[in-house]
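Trainee: I've got a model open and I'd like to learn how to read its charged pairs. Can you walk me through it?

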Amino acid sequence: MWLLVFICVSTGNVTVTFMFDVPQPASTESLKGGNVSSLLEPPQRHSAETLEELQEDMTVQEGDILIPEDRNAVETLWLDAIVPYTISDEVADRESNIYTAFKMISDFTCIRFQRHTTELNYLKFLNGKGCASSVGCRGGPQVVYYARSCSVGNLCHEIVHALGLHHEHTRKDRDQYITVQWQSIMPGRQKNFKTKRGNTLNLPYDINSIMHYGSYFFSVDGSPTMLPKQSGVQMGQRTHLSQLDIQRLNRLYHCGNNL
């Protein structure tokens, strides 16, 4: 039996979640194509950030989150902000993409990624039928599924889940900033848009977060499922950590002066 309390830095319950994202015009990611589409193409409703089948006897929620949890930031963290990892042979040809996703995070935070040696807790990058990750440090080997359909931005999104952050659009205060078009959501997917109680780390809502759904995610007919209340904002991008994403991770991991 794992003594997770001793192997993980924990002040709360272990969380495991998988998330689902579907791109909007600013970041159109295809479930089957695997490439970021031209901004001139029509918005797509499906994304690589979903796991269509159960794997490792885990329950999939929100498309890429295992085991439901009602927190926006997990309080079970990686010790000393160091995340050991292994890369399986089946995704070795995408190793450079994994390093790029790491760099998107480590360039702006104190979080570091290192090859696994003897550590009990580590991320294990495997091929999958989508992109998915647990939320926070689970204890022991922890799978991140990385399909060919996943862009580097999709993968970064999943790694940020593994670091402890949930979807931004499920925050309790989200209705002040976006309007959910419930009638446009695919049947059975409405639960992906339900708000949850959670630790927001006392930081503002972030429409530009890499953890936010895009306008057309889970659309049943190609019409928007979410609309920002402020015009001219980008929602659902998968190209970079926003300034608030950076602040959130730095605050979560107590990074130097970035609190």
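Mentor: Let's go through the salt bridges and the burial of their partners. This is a predicted model, where local features need pLDDT of at least 70, side-chain atom pairs count only at pLDDT 80 or more, and totals for chains, interfaces and linings use all residues. Residues are numbered from 1 along each chain as its sequence is written, and side-chain values use heavy atoms, with hydrogens and water left out.

Trainee: What counts as a salt bridge, and how many are there by this rule?

Mentor: Side chains of opposite charge can pair when their charged atoms come close. The rule asks for a side-chain nitrogen of Lys or Arg within 4 Å of a carboxyl oxygen of Asp or Glu. Here that gives 8 salt bridges.

Trainee: Which residue does Lys103 pair with?

Mentor: Asp107, with 3.1 Å between the closest N and O atoms. Lys103 is partly exposed at 48% relative accessibility, and Asp107 is partly exposed too, at 44%. (Buried is under 20% relative accessible area, exposed over 50%, partly exposed in between, using a 1.4 Å probe and protein chains only.)

Trainee: And is Arg174 buried or exposed?

Mentor: Arg174 is buried, at 2%. Its salt-bridge partner Asp175 is partly exposed at 43%, and their closest N and O atoms are 2.6 Å apart.

Trainee: Which residues are linked in a network of salt bridges?

Mentor: Glu168, Arg171, Asp173 and Arg248. Within that group, Asp173 and Arg171 pair with their closest N and O atoms 2.8 Å apart, and Arg171 is buried at 3% relative accessible area.
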